[in-house]
Amino acid sequence: MALGRARPRGAAGGGERARLLPQASRLVELPCSSSDGGSDGDTDPPASELDPAVSCSIPPAPSAFSQCVRHLAFLWNLLFLLLGLLALAVGVWGLLAKGSVAGARLAPLGSDPMLLFVLAGLAAGAVSLAGCLGALRSSPCLLRFFVGAVLAFAALEVLAALLVLAARHRLRDAVRDALLLCLLRYQDEPDLRFLVDEVQRSLRCCGLGSYRDWEANAYFNCSAPGAQACSVPASCCLDPWHDGSVVNALCAAGALRLGDAAAGTVVYVGGCVAQLSAWLRGQAGAIVAGAAVLVLVEAVGVLMALKVLRDVTARG
């Protein structure tokens with residue numbers, strides 16, 4: 001009798017186990033569920049019971065190197081964003097100070113040199129802002145825009161360098177024509193006057209080929225009225241200072257009436273074209289080094305952005 005009653009208990013135990021096995025198998029097949037405060041009290045199965053083939057894949061956390069590159073990319077672009085804003089501020093200040101925006105009788109807005117600062121500041125600021133936000137927000141779209149823009153700028157720089165090398169003789173004639181235009185408009189445009197004065201003062205030259213080129217200017221021609229007739233700008237003078245502190249604007253008065261020997265004791269008689277060519281040949285190494293530094297800066301920015309972009313896409 002006891003043996004006969006033991007069998008139903010074993011059968012009942014087997015039936016209970018049979019009912020629990022499908023439930024356990026269903027628990028194993030359930031995907032990873034987020035722990036919710038409003039759950040019905042069910043708890044996730046232990047990690048040992050989960051099937052690795054159906055468990056959720058957790059994206060790996062970024063490494064310390066990736067975090068460092070991300071922060072460096074942000075600071076790198078922030079620096080150039082500030083430089084771009086500075087250039088933009090200088091350009092806008094120059095336009096407002098000269099009255100070009102207000103329509104004053106100066107250089108047309110489209111040919112104003114200060115417009116170059118505005119355009120360069122806007123371009124550098126926009127690209128650097130995209131790099132900053134792309135690194136800060138881990139945005140693939142902004143990072144791709146930044147990389148594409150920098151590569152486009154680099155391609156334009158290479159194209160400009162090739163054009164300069166291919167057309168250097170024509171470029172010399174174009175520079176001469178531009179300097180002649182600056183000489184003719186010397187008194188009319190403050191930007192050109194500042195540029196010409198700086199070139200003549202730093203290179204110790206006067207005019208294009210010689211100091212007599214200033215006869216083509218309507219204000220310095222010997223037939224012009226006024227105190228500047230038959231003279232050259234003060235930046236041509238060997239000693240333009242009055243009492244060592246104030247520039248004497250009439251230090252070269254009557255220089256065009258003198259012979260070359262006598263004028264050489266008052267002003268620089270050599271032209272600026274030859275001096276500028278010699279200066280450029282002497283600065284060839286510095287120009288190449290500057291171009292290399294620019295390429296290196298752009299390459300570093302692109303490499304950091306690509307590293308951040310690769311980490312973002314890998315986590316996505």
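This is a short talk on the aromatic pairs and disulfides of one protein chain.

Hi everyone, and thanks for making room for me today. One thing up front: what you see is a predicted model. Please keep that in mind as we go.

Let me start with the overall layout. The protein chain has nine helices and two strands. If you walk along the sequence, you meet six helices, then the two strands, then three more helices, in the pattern α-α-α-α-α-α-β-β-α-α-α. Of the 316 residues in the chain, 27% are buried. The chain exposes about 20300 Å², and carbon and sulfur atoms supply 67% of that area. As for contacts, take those between residues at least 6 apart in sequence: 64% of them join residues at least 24 apart.

Now to the rings. How many aromatic pairs does the structure hold? There are four, and I'd like to show you two of them. One is Trp-76 with Phe-80, a tilted pair with 5.8 Å from centre to centre and 50° between the planes. Tilted is the right word here because 50° falls between the cut-offs, with stacked under 30 degrees and edge-to-face over 60. Both residues sit in helix H2, which covers residues 64-98, and they are four residues apart, about one turn of the helix. Are these two buried or exposed? Somewhere in between: Trp-76 is partly exposed at 28% relative accessibility, and Phe-80 is partly exposed with a relative accessible area of 28%.

The other pair I picked is Tyr-186 with Phe-220, again tilted, with the centres 5.9 Å apart and the planes at 55°. Where do its partners lie? Tyr-186 is in the loop between helix H5 (168-184) and helix H6 (190-203), while Phe-220 is in the loop between H6 and strand E1 (241-242), so this pair ties together parts that are 34 residues apart in sequence. Tyr-186 is buried, at 5% relative accessibility, and Phe-220 is buried too, at 1%. There is also a third ring to point out, since Tyr-186 and Phe-220 form one aromatic cluster with Trp-214.

On to the cysteines. A quick reminder for the room: a disulfide is a covalent bond between the sulfur atoms of two cysteines. Searching the whole structure turns up four disulfides, and I'll take you through three.

Let's begin with Cys-205 and Cys-272, whose sulfur atoms are 2.0 Å apart. This link is right-handed, with 95° about the S-S bond. It connects distant parts of the chain: Cys-205 is in the loop between H6 and E1, Cys-272 is in helix H8 (residues 272-282), and 67 residues separate them. How buried are the two ends? Cys-205 has 0% relative accessibility and counts as buried, and Cys-272 counts as buried at 5%.

Next door in sequence to Cys-205 is Cys-206, which a disulfide joins to Cys-236, with 2.2 Å from S to S. The torsion about that S-S bond is about 85°, so this disulfide is right-handed. Cys-206 and Cys-236 both lie in the loop between H6 and E1, 30 residues apart, and they too link distant parts of the chain. Both cysteines are buried.

My third example is Cys-222 with Cys-230, the sulfur atoms 1.8 Å apart. With 65° about the S-S bond, this link is right-handed as well. Its two ends fall into separate classes: Cys-222 is partly exposed, with a relative accessible area of 38%, whereas Cys-230 is buried, at 1%.

So what is the pairing when the bonded cysteines of the chain are numbered in sequence order? It reads 1-8, 2-5, 3-4, 6-7.

Before I stop, two further cysteines to find on the screen. Cys-141 is exposed, with a relative accessible area of 59%. Cys-182, on the other hand, is buried, with a relative accessible area of 9%.

To pull it together: we have looked at one tilted pair within helix H2, and at another whose rings belong to one aromatic cluster with Trp-214. We have also gone through three of the four disulfides in this model. Thanks for listening, and I'm happy to turn the structure around for anyone who wants another look.

Technical notes: Residues numbered from 1 in each chain as written. Predicted model: local features only at pLDDT ≥ 70, side-chain atom pairs only at ≥ 80, totals over all residues. Heavy atoms only, no water. Phe/Tyr/Trp six-rings, centres within 6.5 Å; stacked < 30°, edge-to-face > 60°. Buried < 20%, exposed > 50% of the residue type's maximum accessible area, 1.4 Å probe, protein only. Disulfide = S-S within 2.5 Å. Contact = heavy atoms within 4.5 Å. Areas by Shrake-Rupley, 256 points an atom, 1.4 Å probe, with all protein chains shown as cover.
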